Amino acid sequence: MTNQWKEYLNAYREAHGRPPAYLTETMGCQMNERDSETIAGLLCDLGCAPAASREEADIIVVNTCSVRENADNRFFGMLGRIKKIKEARPDTVTAVCGCMMQQQHIVDAIKERYPWVDIVFGTHNLHEFPGLLQSAALEKAKAVLIRDEGGEIVEGLPSKRKSPFKAYVNVMYGCDNHCTYCIVPYTRGRERSRRPAAVEREVRALAADGVKEILLLGQNVNSYRGRDEGSAGAENGGLAEGCCGAEGGKLDFPGLIGRLNAIEGIERIRFMTSHPKDLSQRLIDAYRDCGKLCGAIHLPVQSGSSRVLARMNRRYTKEAYLELIERLRATSPDIAITTDFIVGFPGETQADFEETMDLIERVRFDSAFTFLYSKRKGTPAAAYADEVPEDVKHRRFDRMVERLNAITAEKNRACIGRAEIVLAEGPSKTNPAMMTGRTDSGKLVHFRAPAECAGRMLPVRITGARTFSLYGELT
Ligand code: SAH
Ligand code: SF4
Ligand code: F3S
């Protein structure tokens with residue numbers, strides 16, 4: 001913190017009776033959620049505090065997503081609302097960051113058409129935000145700073161978590177897969193793994209802070225290869241090697257899970273996302289060997305047609321995917337399997353779509369996200385000429401969602417009568433008398449329990465089911 005900033009803070013406090021207030025608005029996936037926690041941590045280190053409302057905010061940070069066109073549109077809509085705030089209170093500092101900012105045409109559009117934006121930064125330089133903010137607030141300087149590549153991972157940044165009991169933990173950044181529809185490799189850069197010791201250090205600190213459940217984040221966690229430090233033995237505090245997996249000085253993902261499994265205080269480990277093309281037997285075995293690894297996997301399939309999968313550059317076939325599901329269920333019979341689908345990828349024929357419907361019947365997913373294909377500028381698929389007409393896309397989408405939801409409801413009904421351990425997360429937003437939490441398999445449960453139970457692992461018997469949630473009673 002510079003002296004100038006300290007003076008600014010003091011003057012602000014004197015004038016307003018409180019520190020400068022910030023607001024983060026986050027779109028997109030858990031990567032962005034996690035980045036926003038870092039941004040909030042950096043702001044708190046600068047002496048700012050969370051704003052009670054948008055109207056009170058002195059600093060507004062919008063963390064953007066670019067995965068589909070509607071995400072882009074939402075952002076441009078939000079810029080209009082921010083303009084109004086800036087007109088009413090010109091001293092408000094406005095910052096935009098995240099995946100959209102890694103695209104030159106977006107940054108150009110902001111510079112040309114949205115002059116009320118003060119700061120633009122990208123996904124590779126969160127750590128540079130405090131400097132940009134200070135010049136914007138103190139010198140009214142506009143700042144645009146985007147880095148093309150991530151380079152060395154910056155460790156040790158502060159974080160302000162949303163949940164006291166659950167935490168996101170990055171294990172890797174970027175993606176090298178280049179699925180032909182996807183913008184993420186362009187917005188998040190090349191794949192880079194964090195060092196195992198750095199991940200362990202963070203998880204141990206989280207456990208000491210009362211965190212029970214961690215969600216390990218990466219676009220393709222199966223390709224995690226973390227370089228152990230020379231002094232790894234000392235860094236690990238004498239921890240057992242877990243399920244081993246250190247090869248050529250680099251630890252693989254199941255090996256990392258094994259090490260985290262040994263950390264006291266952590267009760268649950270989840271991860272996302274794993275790519276079917278390199279889901280290893282070692283990871284499947286981790287469901288058997290690592291007691292804290294939850295019985296759930298999000299395994300995006302995208303399509304049930306091997307022809308479409310090839311054009312998507314997914315590098316697996318329908319048969320290979322089905323074989324994986326069989327192996328997962330052989331090792332872990334109750335594992336909950338969830339997925340993502342893209343409907344209407346260029347060239348998807350009715351026969352391709354029927355292959356997807358067939359895959360749905362064979363796997364019977366616990367739940368699924370379904371997306372209409374959205375053309376992303378700069379991706380290979382954007383140049384494919386054989387687009388599926390909008391009405392056909394929508395018809396397929398509706399039929400698919402209806403079937404997926406029916407299966408989800410059936411699967412939830414099958415849970416009635418089961419005894420589950422639920423991590424109580426807090427009172428339900430719609431009915432404060434009810435507690436919400438998740439089962440080991442990741443299903444949402446509502447049950448009656450006192451508010452003080454939040455953060456505890458509780459035995460709950462499932463007594464009722466809806467399509468997207470379960471009801472239960474404490475036992
Ligand atoms: N790394 C993850 C997914 C990240 S994006 C993985 O490989 O599984 C999350 C989901 O958004 C993807 O699984 C895909 O279903 C969807 N998606 C990505 N790009 C899309 C596009 N251009 N149009 C529609 N859906 C898309
Ligand atoms: Fe996108 Fe494919 Fe990478 Fe997932 S694996 S982020 S879908 S390119
Ligand atoms: Fe996530 Fe959207 Fe970026 S899905 S990685 S925030 S493009």
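A residue counts as near a molecule if one of its heavy atoms lies within 4 Å of it. That cut-off picks out the shells in these close-ups of a predicted model.

**View 1. The surroundings of ligand 3.** Going by that cut-off, the residues around ligand 3 are Gly28, Cys29, Asn32, Cys65, Ser66, Val67, Cys99, Arg188 and Gln219. Sorted by class, this shell comes out as four nonpolar, four polar and one charged.

**View 2. The shell around ligand 1.** Here we've got 15 residues surrounding the ligand, and the closest are Gln219, Pro300, Gln302, Asp340 and Ser374. Gln219 also turns up in the list for ligand 3. As for the class mix around ligand 1, seven residues are nonpolar, four are polar and four are charged.

**View 3. Polar side chains reaching ligand 1.** Zoom in on three side chains here. Gln302 puts a polar side-chain atom 2.7 Å from an oxygen atom of ligand 1. For Gln219, the partner is a nitrogen atom of the ligand, 2.8 Å from a polar side-chain atom. Arg68 has a polar side-chain atom 3.0 Å from a ligand oxygen atom. On its own, ligand 1 has 540 Å² of accessible area, and the protein covers 89% of that.

**View 4. Where the ligand 1 shell comes from.** Strand S16 (336–343) and strand S17 (367–372) each chip in at least two residues of the shell. On the domain level, domain 2 (161–294) and domain 3 (320–414) each contribute at least three residues to the shell around ligand 1.

Methods. Residues numbered from 1 in each chain as written. Chains lettered and ligands numbered in written order. Predicted model: local features only at pLDDT ≥ 70, side-chain atom pairs only at ≥ 80, totals over all residues. Heavy atoms only, no water. Polar contact = N/O pair within 3.5 Å; in protein donor to acceptor, adjacent residues only side chain to side chain. Areas by Shrake-Rupley, 256 points an atom, 1.4 Å probe, with all protein chains shown as cover. Helix = DSSP H or I, 4+ residues; strand = E, 2+ residues; numbered from the N terminus. Nonpolar A, V, L, I, M, F, W, Y, C, P; charged D, E, K, R; others polar. Domains from an automatic or database assignment.
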